Structures are given as C-alpha cells and as structure tokens.
Amino acid sequence: MSFCSFFGGEVFKDHFKPGIYVCTKCDNQLFSSRSKYEHSSPWPAFTETIHENSVSKYEERPGAYKVRCGKCENGLGHEFVNDGPSKGVSRF
C-alpha cells in the first residue's frame, strides 16, 4: 500500500523512527512503523494497517483505491494495486 497526502509536502516520507502512525483528526491507530517501507513516490508507504478496520477504502478507478480513516473518514490518500515491496524484501 502506498498512501499520499491530499496537501503534498509530506513530512513523514523519510521518517523511520519506531512508533505508531495515527489519524490527525481522531488519533485512530493506522499503521506501525514496522510496516513502513521506502518508496519512490513522494509519500509514505505501508504494507499493512494496525487493525483490519483502521482504514476504509473504495475503488476510485481501476487499480486505485481512496483510503480514509476507519473511524472518522479523514482522507488519507490512495492505495495502488500491485504497488509495494516484492516478496522477500525486508519490512520496517
């Protein structure tokens, strides 16, 4: 999964300190730093969410899903199908 900010200038793309990423509006737990990986886009990217219901998503167009906070529906960005680390790549 690769997630992007609506407003650009993402400050957490190169942030790899241990911790939990939470929704900026409601503090819902979204992602662990262990699931974060380096990505060529200007946005932070994660392989999985903390809980199954941490985020909600719907298909915006083929291969692209709009991702929102599972609790307050705050916009988090997009998930792109087949975009992520290859099997065998270390996860953070």
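Student: Why is Phe46 called buried?
Tutor: Its relative accessible area is 3%, and buried means under 20% (exposed is over 50%, partly exposed in between, with a 1.4 Å probe and protein chains only). So Phe46 counts as buried. Bear in mind that this is a predicted model, where local features need pLDDT of at least 70, side-chain atom pairs count only at pLDDT 80 or more, and totals for chains, interfaces and linings use all residues. Residues are numbered from 1 along each chain as its sequence is written, and side-chain values use heavy atoms, leaving out hydrogens and water.

Student: How many aromatic pairs are there?
Tutor: The count comes to 2. Tyr21 and Phe46 make one of them, at 5.1 Å centre to centre with 70° between the planes.

Student: What makes the Tyr21 and Phe46 pair edge-to-face?
Tutor: Rings of Phe, Tyr and Trp (its six-membered ring) pair if their centres lie within 6.5 Å; planes under 30 degrees apart are stacked, over 60 edge-to-face, the rest tilted. With 5.1 Å and 70°, this pair meets both conditions, so edge-to-face it is. Tyr21 sits in strand β1 (residues 20–22) and Phe46 in strand β4 (residues 45–46), 25 residues apart. Strands here are DSSP runs of E, at least two residues, numbered from the N terminus.

Student: And how is the pair of Phe31 and Phe46 classed?
Tutor: That one is stacked, at 4.2 Å centre to centre and 10° between the planes. Phe31 is in strand β2 and Phe46 in strand β4, 15 residues apart. Tyr21, Phe31 and Phe46 form one aromatic cluster.

Student: How do you know that Glu79 and Lys57 form a salt bridge?
Tutor: A salt bridge is a side-chain nitrogen of Lys or Arg within 4 Å of a carboxyl oxygen of Asp or Glu. Here the closest N and O atoms are 2.5 Å apart, so the pair qualifies. Glu79 lies in strand β7 (residues 75–80) and Lys57 in strand β5 (residues 55–61), so parts 22 residues apart in sequence get tied together. Glu79, at 14% relative accessibility, is buried, whereas Lys57, at 43%, is partly exposed.

Student: Which residues does Glu60 bridge to?
Tutor: Arg61, at 3.7 Å from N to O, and Lys66, with the closest N and O atoms 3.4 Å apart. The shared partner joins Glu60, Arg61 and Lys66 into one network. A search of the whole structure finds 3 salt bridges.

Definitions and conventions. Helix = DSSP H or I, 4+ residues; strand = E, 2+ residues; numbered from the N terminus.
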